[in-house]
Amino acid sequence: MLPQADQDEGLMSRVQLKAKKTVVSGQPCRQGKVYPLSVIDHMMGLYSLRLIFYYDHPLPVKEQQPRRLAGMSNNHSSGRGGPVVVPLEESLSEALAFFPPVTGRLNRDADGNWEVKCNDAGLRTVEAAVPGSTVAEWLETADPEAELSLAHWEKMSDDPTFWSPFYVQLTEFRDGGFSIGLSCPHMHADPHCAALLVKAWGDVHRKAGIANPPFFHSHGLRLRKSPNTTTASVEYYRSKAALPPPPPADPDNSLRFNTITFRFSDVSVRRLVSEISESLPDATPFEVLAGLMWSACARAAPAASHVRDLNLLTEFRKAMHAPLPHGFFGNAIHFSHVQAGAEELAGDGGIAVAARAIRADACRTEEDFRSVIDWWEERREPEEGSDAGSGGMFPPPIRMYGPTLTCANLEGVMAYGATFVEGRRPSHVSCRVIPPDGEGVVLVMPSPEEGLGRTVIATLPEEVARRVRADPEIAKYEPKVLFGGQSK
């Protein structure tokens, strides 16, 4: 057997890129249609998302020879697409008709703020293959860096009007399984609606109705007539706005990050919930798993770190008085500050301490979300010579995922509803926030197992990640560790 380092290098080298294409909507968009990015969207401009959906089954194939697709750019031939890729491109083109902003291009409006011109420029797709590995082998042995090679991404060019914000990578594995990698700027989408884009694609591919159609109107996420900027949430966001920007990515930087993926079974999570039931009745899977990870990071982190502070991300579509639809496309997330004693976090009862602190933050109300929007809107700076009544330009984006440890509640992400063959769900779904920042980010997501099973994806500073992976408190609950290779 090859040494682990050689196996990882082999996996990385076996991701063979075959072709790049442009897929456009099967139905032209109305000329002149524009989609302005919201207040919260503008805050998220420092980050991008990668979602990877793994399927351990082949797609149904077509018997006829692949043809040129009506929804594909004439600059690209579909003749080499193969029996798996071509049907997916056909259904992707159909699905994109429901998502005009996905195929559009970024532009600055009169105030200098971002908007999307829905001009049917198309979405970039990449075809790739991993002929030397099955999906199961990849999930077991690939390292986190190799996993990112399944979600193609290109940084924004100097002229964003020619840059595709969304990329889809279709990768075939040796056993006929495949993966779908979706990459996009965080200011276009949060993990919830990014997953719904792939889910809608699957619905169209199966000739089913889109269960959660997209909703693009963010009128409820704007400045109110009577703004309120005196909440604790505004103070927290104000402190974030005062932070310097994160350091640029540097491969020689001493602070490197590694990602660990834990899969906790239904039995393990129920055990965790039971063990802290006296101090926290009716604990949720998110509360206990976020508490477990926060406590483990407190034991693993250097003394100078801010382990007593947690940056908590929650999604608020259904927390509004007038709830947003599940299909709301954009960012509907809120960050809040949670604190607990460092010694208590690292001690024997650290999980319960952390979970109680997280539960206490659950009392956030719609006023917290809206007050942050009011504050950000009031920070607009009208340009000199702008028209009277102009709202002005939003401030630069801020460090939403740093500098303290961030824990994100992604339990509501409908990732495992993205089915392309009836009754066959993804075998695994990964999500990553790029670039990692500060003391790292922990994502608590659904799992392919029914019940209380959850997947926890932790991107942490390298040394902290090594200690967390070996943490005895986590080991008690026997999670399965995916991607057994270690980043170099």
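In what order do the six strands of the open sheet with mixed pairing lie? The legends below address this and related views of a predicted model, in which local features need pLDDT of at least 70 and side-chain atom pairs count only at pLDDT 80 or more, while totals for chains, interfaces and linings use all residues. Residues are numbered from 1 along each chain as its sequence is written, and side-chain values use heavy atoms, with hydrogens and water left out.

**View 1. The open sheet of six strands.** The strand order is 1-6-7-8-3-13, and the pairing is mixed. Strands (E, at least two residues) and helices (H or I, at least four residues) are DSSP runs, numbered from the N terminus; two strands pair if DSSP finds at least two bridges between them. Strand 1 (16-23) and strand 13 (428-434) stand at the edges with a single partner strand each, so one side of each has no neighbour in the sheet. On average, neighbouring strands of this sheet are turned by 15 degrees against each other, direction ignored; axes are lines fitted to C-alpha atoms, for helices over the stretch in contact, and angles run from 0 to 180 degrees between N-to-C directions.

**View 2. Strand 7 and its partners.** Six of the seven residues of strand 7 (residues 167-173) are buried, so the strand is largely enclosed by the rest of the structure. Buried means under 20% relative accessible area, exposed over 50%, and partly exposed in between (1.4 Å probe, protein chains only). Seven bridges pair strand 7 with strand 6 (residues 123-130) in the parallel sense, and Ala128 stands opposite Thr171 in strand 7. Six bridges pair strand 7 with strand 8 (residues 178-185) in the antiparallel sense, and the bridge partner of Leu170 in strand 8 is Ile180. Strand 7 and strand 8 form a hairpin with four residues between them, and Gly176 in the turn has a positive phi of about 90 degrees.

**View 3. Strand 3, strand 8 and helix 6.** Strand 3 (residues 48-55) pairs with strand 8 in the antiparallel sense over eight bridges. Leu49 stands opposite Cys184 in strand 8. Helix 6 (residues 191-205) packs on the sheet, touching strand 3, strand 7, strand 8 and strand 13, and its direction makes about 40 degrees with that of strand 3; contact means heavy atoms within 4.5 Å.

**View 4. A salt bridge between helix 3 and strand 1.** The whole structure holds 30 salt bridges, each defined as a side-chain nitrogen of Lys or Arg within 4 Å of a carboxyl oxygen of Asp or Glu. Glu89 forms one with Lys21, the closest N and O atoms being 3.6 Å apart. The pair links distant parts of the chain, with Glu89 in helix 3 (residues 82-96) and Lys21 in strand 1, 68 residues apart. Both Glu89 and Lys21 are buried.

**View 5. Helix 13 and its surroundings.** The buried residues of helix 13 (residues 462-469) are Val464, Ala465 and Val468. Seen down the helix axis, these residues fall within an arc of 100 degrees, so they line one face of helix 13; the arc is that of the directions from the helix axis to the C-beta atoms. Their cover includes strand 9 (257-264), helix 9 (285-300), strand 15 (454-461) and helix 14 (472-475). In helix 13, a salt bridge joins the side chains of Arg466 and Glu463 (2.3 Å, N to O). Glu463 is partly exposed, at 38% relative accessibility.
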